[in-house]
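Dear colleague,

Please find below the structure that I am passing on to you. I should be grateful if you would read the notes beneath it alongside the coordinates.

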Amino acid sequence: MKSVDEHLAEILATVRPLAPLELELEQALGTTLAEEVSSPVPLPPFDNSAMDGYAVRVADISDVPVTLPVIDDVAAGSDELRAVGPGHAVRIMTGAPLPAGADTVVPVEWTDGGTVSVTINRSAGEGNAIRRAGEDVKAGQAVLEPGTVIRPAQLGIIAGVGRRRVWVRPRPRIVVLSTGAELVEPGLPLGLGQIWDSNSFTLTAAVREAGGEGFRAGTVGDDPAVFLEQLDSHLVRADAIITSGGVSMGAYEPVKEALTPLGTVRFEKVAMQPGMPQGFGVVGDDQVPIFALPGNPVSSFVSFMLFVRPALDKMRGLPAGPPATETAYVTTPVRSPAGRRSYLRGVLAADGTVAPVRGQGSHQLAALASANALVTVPEDVTELPAGSAVEVIRL
Ligand code: AMP
Ligand code: MG
C-alpha cells in the first residue's frame with residue numbers, strides 16, 4: 001500500500017499553480033496576489049486632521065482659556081484653504097486638509113465649540129491630532145507582496161492606493177460530481193435502497209472554505225459511459241475535478257471503470273482509515289487534475305482534507321503541504337488497524353484533550369458533524385491508552 005505522505009507528494013508534484021490574470025477588485029476576494037502592489041502617492045496624501053476641532057498655532061494657545069476668532073471652516077474634501085494667521089483659528093473636521101500656518105489641532109471637546117469665535121480650555125502640543133502625509137505609506141512603497149491572499153483588508157489597501165484591477169492567481173474552479181445509482185437529491189423522496197446525496201454538498205462547501213470556487217455538478221448513476229459524458233461536459237470550466245464514489249473493489253465502480261483505460265488516472269490503496277481507495281491523475285487535453293475520492297461520506301471528507309486541500313493551496317500559489325497538526329491528549333483508549341494511519345473523529349477541548357466521538361464508521365456522517373478535529377494514529381500504532389499524546393488536525 002502507498003503511504004498517505006507518498007500519495008500527497010505525488011499529487012503536489014502533479015498540480016500546478018494557476019496562471020495569473022488581471023481581475024477587477026470586486027472579483028479579487030480570496031485570490032492570491034501575483035504582483036507587488038505599491039502606492040503611487042504617499043498615504044495619507046496630505047497632512048490632515050485626525051479629529052473634529054480647531055486648527056491653530058501652538059503659540060496662541062499656551063495660556064488657556066483663550067478666545068480666538070474662527071476665520072474659516074474646513075470639511076473633509078475642502079480644497080480652498082485659508083492660512084491660519086497668528087491669533088486665528090480654523091474650524092476643521094476629521095480628514096480635512098490642514099491649512100497652512102496651523103501646527104496643531106485642538107479637539108472640539110476641549111473647546112466651547114464656537115463658530116464665530118472659539119474658547120479653547122486646554123492647550124495642545126505641536127502636531128496634536130494631525131495625520132502627516134506619508135505616515136502610513138511613502139510614495140512608491142510596496143504595500144503588498146506577491147503570494148498574499150487577498151482578504152478584506154488587503155482589498156482595502158489595493159483600492160486605497162488607487163487600483164481598480166489587480167494581477168492575481170484566481171480561486172481554483174473545482175467541479176464536484178457524485179456517483180452512485182442509489183443517490184437521490186435532498187428534498188426528493190427516498191425509495192427503497194436509496195440515500196440522499198450528501199458528498200457533493202460537503203465537498204463543494206469544503207472547496208469554498210479552502211479558497212476555491214466549488215461547482216456542484218450533482219449526481220450521476222453507475223454507468224461508466226454516462227459518467228464519462230458528464231465529466232467531459234464539465235472539463236471546460238474546471239481547474240480540477242472531484243468525484244465521489246465508484247472507486248472501490250466491487251462491481252459497479254463507474255469512476256474506476258471509466259478512467260482506468262485512459263491510463264492517466266491511477267487507482268490505488270492508500271494506507272489510511274478511513275479512505276483507503278483513492279484515485280488521482282489528469283484527464284482531458286488540458287490535463288485537468290482529477291481527485292477520485294471514495295464514496296463513504298467520512299472517507300471522502302477526510303480525503304479532501306488530506307489531499308485536495310493541499311492541492312488547492314498549490315493551485316492558489318500558496319505554500320502547500322500536509323494539514324497542520326497540534327498535540328492533544330485522548331480522553332479514552334483508541335484502536336487503529338496495523339499498517340494504516342487512522343484519522344479518528346474527535347472533539348478537541350480548550351484544555352488540550354480530545355474525545356473520540358461515538359461512531360467511527362466511515363459512513364457515520366452525523367458523528368463527523370459532531371467532531372471538530374481528526375485524531376491521527378500512526379501506521380505502526382494499534383492501540384493507545386487514555387491520556388496518550390496524539391497529533392490532531394483541527395477541522
Ligand atoms: P462507493 O465508494 O461508491 O462504493 O460508495 C461507498 C458508500 O458510500 C456506499 O454506502 C454509498 O452509498 C455511499 N455513498 C456514495 N456516494 C455518496 C454520496 N454522494 N452521498 C452519500 N453517501 C454516498
Ligand atoms: Mg458507488
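The notes below cover the nonpolar cores, one small sheet and one loop residue.

Please bear in mind that this is a predicted model.

The largest nonpolar core has 34 residues, and those touching the most other members are I242, M272, F291, F304, L306, F307 and Y343. At least two residues of this core come from each of α1 (4-14), β13 (173-179), α3 (199-209), β17 (240-244), β21 (288-293) and α6 (297-315). The greatest contribution is that of α6, with 11 residues. A second core, separate from this one, comprises 19 residues, including V175, F267, V283 and V288.

Beyond the residues up to four places away in sequence, I242 touches I174, V175, V176, L177, L203, V207, F291, L293, F304 and V308.

The open sheet consists of 3 strands in the order β1-β12-β2, with antiparallel pairing. Since β1 (21-24) and β2 (32-33) each have a single partner strand, they stand at the edges, and one side of each is without a neighbour in the sheet. Between β1 and β12 (residues 165-169) there are 4 bridges; L21 has V168 in β12 as its bridge partner.

Finally, H363 is located in the loop between β25 (353-356) and α7 (365-369). Its relative accessibility is 54%, so H363 counts as exposed, the cut-off being over 50%. Apart from neighbours within four places in sequence, H363 contacts N296, P297 and V298. Although H363 and V298 are 65 residues apart along the chain, their C-alpha atoms are separated by 6.0 Å.

With kind regards

Conventions. Residues are numbered from 1 along each chain as its sequence is written. Chains are lettered from A and ligands numbered from 1 in the order in which they are written. This is a predicted model: local features need pLDDT of at least 70, side-chain atom pairs count only at pLDDT 80 or more; totals for chains, interfaces and linings use all residues. Side-chain values use heavy atoms; hydrogens and water are left out. A nonpolar core is a set of buried Ala, Val, Leu, Ile, Met, Phe, Trp, Tyr and Cys residues joined through side-chain atoms within 4.5 Å. Buried means under 20% relative accessible area, exposed over 50%, partly exposed in between (1.4 Å probe, protein chains only). Contact means heavy atoms within 4.5 Å. Two strands pair if DSSP finds at least two bridges between them.
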